[in-house]
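Colleague: I'd like a close look at one part of this protein, and I'm new to reading structures. Could you walk me through it slowly?

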Amino acid sequence: MRKIVLKRIGLCVISAIMVFASGCGAKVELTVNKDMSVDENSQYYLTEQEIAQLINHFGPDVTEEPFRKVTINGKKYAKVVHQKNHYNREDADLFFTEVNKKYLLSEGSFFAGMEDGTEIDEGNALLPGGIPSVDFADVTVVCPYPVYYTNGKVRPDGKTVDFDLRRREEGEKFYAVFDKSLYKVNKVDFTGVKNNGIYNKFKQVTIKSRGVLTYVNYQEIKADYKQNKKGEITEGVVTDGYKNWYFGTDGVYKLQAKLLNGKLKTVKFTIDTTKPRTNIKNKTYKKGVKITFSDKVAGMKSATLNGQKIKSGKKATTPGSYELILTDKAGNTKKVNFNVE
């Protein structure tokens, strides 16, 4: 499965790398004020090995902050990097997809990879072998209102919630809900496609709901990626990680969204922008020819030879002119005119 995620990571490059290097830890505390502005207090914990990797990769400037050795869960860390920032309501989307007086949802891009360290290319580049890991990736959110529903752990004050990002599934967001009535919302709308629809154009799909979408992701049931001459994939699935999706590759997809109450809403659809394939070309064959054809994604709807329906494997042996018309279920049509001597 290939997914291109549109990210707006607000950390400076060095700090982002520190979060995703091998064996490090991260603790982020976010205070959401009643005007929906956000105060951030972050700490990133690095081992001596990671510091050496950073110096080798970026140079000695990354060690400007003083070292402060600490031990957490029996493991020693050689350096702690601190960040403190204030973000107004407009900039709060660095951390949250949505934050309002009813609920908050994690944005995803700021926290992408914190649970396993695999999302950021530069972080992977620091490690000559093996998959990066994170010892702990904890986020604490101090909410402006009492929390009624969350996939974190609420402290006794009723407003502070702790989240362990490593426990999230792909596509799952962490959330805290202040409005009880949102639990009853069951309706989700997918605009841009219909369930079981088949399309011959790439599609943008928007997910709309008055409720809280705690999980949004997609599944490729079948996909046909296009590649350029260098073998690079030039199309793909692009998303903001939440409500807006663009499917730019032929395939059969299932887009899913889960509501606060656990109800899972799904839309399945097919995109096929490619004409059916055949072995027949616009040329003259000196003797009879066997006609084969297929459609890789949507499947064949019809095939005619001089107006008569045929199946793949049909032989054209009688001398003369022929017109082969192939149409797939998405409406793509391929016409071939050939002759048999």
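How many cavities of 30 Å³ or more does the count come to? Please start there, then take me through whatever sits around that part.

Modeller: Sure! Keep in mind that this is a predicted model. The count comes to one cavity of 30 Å³ or more. How do you find such a thing? Rolling a probe the size of a water molecule over the atoms shows where empty space is left. Here, about 40 Å³ of space lies in the largest cavity.

Now look at what lines the cavity. The lining is made of D224, D272, T274, K275, P276, R277, D295, K296 and V297. Sort these residues by character and you get six charged, two nonpolar and one polar.

Next, let's turn to a sheet. Quick reminder: strands of a sheet pair through backbone hydrogen bonds, either parallel or antiparallel. In this model, an open sheet is built from four strands, ordered β15-β21-β20-β17, and the pairing is mixed. Who stands at the edges? That's β15 (197-199) and β17 (213-224), and each has a single partner strand, so one side of each is left without a neighbour in the sheet. On average, neighbouring strands here are turned by 20 degrees against each other, direction ignored. One of the lining residues, D224, falls within the range of β17, 213-224.

Zoom in on β20 and β21. Strand β20 (residues 250-259) and strand β21 (residues 264-271) run antiparallel, with eight bridges joining them. To see one end of such a link, find G251: its bridge partner in β21 is I271.

While you're in this region, look for the rings. Y218, W245, F247, Y253 and F269 come together as one aromatic cluster. Y218 has a number within β17 (213-224), while Y253 falls within β20 (residues 250-259) and F269 within β21 (residues 264-271).

How about ring pairs over the whole model? The count comes to 14 aromatic pairs. Take Y87 and F95, for example: they are edge-to-face, at 5.0 Å centre to centre and with 80 degrees between the planes. Y87 counts as buried at 14% relative accessibility, and F95 is buried too, with a relative accessible area of 0%. For another arrangement, try Y322 and F338: the ring centres are 5.2 Å apart and the planes sit at 10 degrees, so this pair is stacked. Y322 lies in strand β29 (residues 320-328) and F338 in strand β30 (residues 333-340), so the pair ties together parts that are 16 residues apart in sequence. Both Y322 and F338 are buried.

Definitions and conventions. Residues are numbered from 1 along each chain as its sequence is written. This is a predicted model: local features need pLDDT of at least 70, side-chain atom pairs count only at pLDDT 80 or more; totals for chains, interfaces and linings use all residues. Side-chain values use heavy atoms; hydrogens and water are left out. On a 1 Å grid over the protein atoms alone, a cavity is a set of points where a 1.4 Å probe fits but cannot get out, and a pocket is an open set with protein on both sides within 12 Å along at least five of seven lines; lining residues have an atom within 4 Å of a point. Grid points are joined across faces, edges and corners, and a volume is the space filled by probe spheres set on the points. Ala, Val, Leu, Ile, Met, Phe, Trp, Tyr, Cys and Pro count as nonpolar, Asp, Glu, Lys and Arg as charged, and the others, Gly among them, as polar. Two strands pair if DSSP finds at least two bridges between them. Helices (H or I, at least four residues) and strands (E, at least two) are DSSP runs, numbered from the N terminus. Axes are lines fitted to C-alpha atoms, for helices over the stretch in contact, and angles run from 0 to 180 degrees between N-to-C directions. Rings of Phe, Tyr and Trp (its six-membered ring) pair if their centres lie within 6.5 Å; planes under 30 degrees apart count as stacked, over 60 as edge-to-face and the rest as tilted. Buried means under 20% relative accessible area, exposed over 50%, partly exposed in between (1.4 Å probe, protein chains only).
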